[in-house]
Structure formats: C-alpha cells, structure tokens
Amino acid sequence: MSAPVPAAPANPATGRLIAVLAAAAGLVGLDSLVVSPLIPQITAHTHTALGLGGFLVTVYAAVYAVFGPLFGPVSDRWGRKKTLLTGLVVFLVGTALTGTGSSFAALLGFRAVAGLGAAILMPSVFALVSDSVPPQRRGAAIGLVVGTLMGTSVIGVPLGAFAANGLSWRVPFFAIAALALIELAVVRLAVPSAPPTRQIPVGPFTAFRGQFKAAFAERSVAFVLFSSLLWWAGNQGLFANTGVFYGGIYRLSTAEIGWIVLLTGAAGFAGNTLGGRLADRLGKRPVIATAAGGAAVTMVVFSSLTGTLAAAIAVQVLWSLFFGLGQASLTTLVSELSPKARGTALSLNGSAQYSGMMLGTAIAALILDHGGRFVWIGSVSALFCALIFPIVLWLVRERREEPAAAAPAPQPEPSAP
C-alpha cells in the first residue's frame, strides 16, 4: 500500500473563491425554506386556504428538480462564471418579486422563478469548486459549501418566523434579494473567467445528449444519484415534520421550535465540514455508509421519543450530524465520477435531491393525513437511508484522480471572433 500523497498547501486565492461560492450557496439555502414559517401570514394575506400554502415550497423544489439537469450541460459548455451570474440574476429577480406579490397565483410564479435561478446557479457553484480544488482537498471544500447551503436552509426557518412575527412576511424576501445583489457584484469581480470544459461545436440537442452520455459513462454515477434521492427522501421527509413532532407531542411554540432548529442546523453544518475532511482522508464510500447507518438508527429513535424533550433534542442533533457527514461525501463523490461532465453530473444530483425531498414529504403527508403515528414516518425515512448502505458499499466505486500539486490557474476566456 503506497503512502498517502500529502495535500498541497492551500492557495489563498482559492480560499477566497470558495468563500464567495459558499456565500452564493448560502443564499439559495436561505431562500429555499424561509417561506415555510411565513405560510400562515401569506395565505391569510392572499385569502388562500392554509392547506395550499405548502405549494410555495413544492413549486420551488419542483422547478429545481425539473430544470436543474438542463443547466449542468450549459455550465460545462458555456462557462462556469457566465452560468453563475445568470443564475444569480434570475434568483434575485424571483426572490425580490416574491416580496411584492399580492395574489397566491403570482407568488407561486415568483417562487418558480427563484427556483429556476437556483437550478441555474448551483451546478456551477459545485462544478467551480471541483474545478478549482485539488482532489486531496476537494472533500473539505465541498463540505464547506454544502454545510453553508444546508445550514442556511435550516436557519432560514426560524429567521423567517422571527421576521414574520416582528415585521412582515415580505421582509425576508427583500433582505435575501439585497444580499443576492451584493453577491452578484462580488462574483462579477472575484470569480475568474475560464474557458468551458467542453467546446465541441455541435447543435444544442446533440450537445445535451453528449453531456448526459458523458456523465453516465461511469456506471457508479447512476447508483450515487439514486443514493442522493434516497438520502433526501429520508432526511427531508422527517425533518419537514419536526415542527409537527415538537408542537404536537411537547406543545412547544413556534419560537421554541425555531431555537431547536437553529441548534440542529449548527450540528448539520459541523457534520458537513467534518464529513468533507473525513471523505478526503478515509474515502467517500465508508463515510457515506457510516452516515447512512447512523442516520437510520437516530431517525427511528428520535421519532419514538415521546417522554423526554432533552433526549429528543439530543438525538436530533446527532441525526443532523450524520446527515451532514453523508451529504458532503455524496456531493464530493458525484463531483469526481465524471470530470469531463462535472456540471452535468452535479445538476443531476441536485435534481435527485429535490425529487427525493418531494417524495419524502409526500409520503410523510400521506401518513399523517391517514392518522399514522409519527414513528411510522421515522421508520420509512430510516428505511430510505438504510438502503444506501449496501448501494455505496457493493455497487459504487470511487474514481481515482491524479493528485494535483495546486489548483490549475484559470485561463481567460477566448475572445469572440
């Protein structure tokens, strides 16, 4: 067994780039679920049935899931920076318009635009991280970006609730749009331009077909994407109903639940950061398998606890830690399996994640609607995660990349003829 290759020293410029990209991911995370605690106010303002409010989350996720795979090939062939800037503009417009909406139909349309912006943006974020960081440090970098994405999505729930209680449901959307405008300027100045990774002069349909074919050239890609779908179906299906759990069993207020969500969000961020570093050292597959097993066990235990609040919170913190460990490693693994179609593979991964979210939340809603116990949701969610264990150990193999001494210096885009 050969000695491990030492990691190249960190490049300060690359570190600044990762920080900028993590901030972009953080905006998407913040926007994705901030609407959840605002639903009662929004439906009351628009004279809409409360039960329909969840479609504001669903339409965002559905647009991301459907259109995300289309923009990975665009990123590979058009260039990361151009796609990144375009996604930020669309995201900014959709989020700002949401704050101005006066009818529920208009709000659904604006949330769809914001989801489209996220679908354009995120594949380029992850692909640019992978393009810029050597393999031996890539897991840590992606862990930071994923941790920021997931952490802000969780933090957005209580922040939205606090803003709605003290100000207006419109304020969070205007605030996120303002931050997106600042991020747009930062990306324009700080992200270097580089030529597309694929420059084959063919028609658009042939180009898309070629990118998808390249992404699936490695058999493991399909199994990892299926694992991502299962991962989000299990974790998000249960997490989306933790408010129901704490409110129904422990009679906690929205504010009290918000503080618990903040705590578990911090654990998820720590898990992502740690998961990326462990993936670099131990390999992605062992970390994913361990996280899947740990998440499955803690889900069942958490959903079964009905007596001690402190125990439930402690188990959820542990569950969030396992979720972070697995999420960072899965994303890193996807980024490395198809280097020549990295943006395409990562966009497919985003689509798999949001499809899993819709699947998990739909199953959970059916269970609750038919009078099922909360532990049933935990058991189904745990089953989804447990299925990942044999998939990553028996059907997935990691791609070995040649270690790089440092990230390649970005080259200027070729000027137009």
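This report walks through the empty spaces inside a predicted model and then turns to its aromatic rings.

**The open pocket**

Let's start with the biggest opening. The largest pocket holds about 1,400 Å³ of space, and 35 residues line it. If you want to find its centre in the viewer, look for Ser36, Ile39, Gly54, Val57 and Ala240, which lie nearest to it. Quite a few helices chip in: α2 (39-45), α3 (55-78), α6 (135-166), α9 (220-239), α10 (242-250), α11 (254-282) and α14 (342-369) each give two or more residues to the lining. The largest share comes from α14, with six residues. As for chemistry, the pocket lining has 22 nonpolar and 13 polar residues, and no charged ones.

**The closed cavities**

There are also four cavities of 30 Å³ or more in the structure. The largest cavity has about 190 Å³ of space. Its lining is made up of 15 residues, and Val154, Gln236, Phe239, Ser320 and Phe323 sit nearest the centre. Here the elements giving two or more residues are α6, α9, α11 and α13 (309-337).

The second largest cavity comes in at about 90 Å³. It is lined by 13 residues, with Tyr64, Phe126, Leu149, Gly350 and Gln353 closest to its centre. Two or more residues apiece come from α5 (104-132), α6, α13 and α14, and α14 provides the largest share, five residues.

Here is how the linings break down by residue class:

| Space | Nonpolar | Polar | Charged |
|---|---|---|---|
| Largest pocket | 22 residues | 13 residues | no residues |
| Largest cavity | six residues | nine residues | no residues |
| Second largest cavity | eight residues | five residues | no residues |

**The aromatic rings**

Now for the rings. The model has 12 aromatic pairs. One of them is Tyr246 with Tyr250, a tilted pair with 6.2 Å from centre to centre and 40 degrees between the planes. Both tyrosines belong to helix α10, where they are four residues apart, or about one turn of the helix.

Are these two tyrosines buried or exposed? Tyr246 has a relative accessible area of 1%, so it counts as buried. Tyr250 is at 14% relative accessibility and therefore also falls on the buried side, because the cut-off for buried is under 20%.

The pair doesn't stand alone, either. Ring pairs join Tyr246 and Tyr250 with Phe245, Phe302, Trp319 and Phe374 in a cluster. Helix α10, which carries the two tyrosines, is also among the elements that give two or more residues to the lining of the largest pocket.

Key
Residues numbered from 1 in each chain as written. Predicted model: local features only at pLDDT ≥ 70, side-chain atom pairs only at ≥ 80, totals over all residues. Heavy atoms only, no water. 1 Å grid on protein atoms, 1.4 Å probe; cavity = no way out; pocket = protein on both sides within 12 Å on 5 of 7 lines; lining within 4 Å. Points joined across faces, edges and corners; volume = space filled by probe spheres on them. Nonpolar A, V, L, I, M, F, W, Y, C, P; charged D, E, K, R; others polar. Phe/Tyr/Trp six-rings, centres within 6.5 Å; stacked < 30°, edge-to-face > 60°. Buried < 20%, exposed > 50% of the residue type's maximum accessible area, 1.4 Å probe, protein only.
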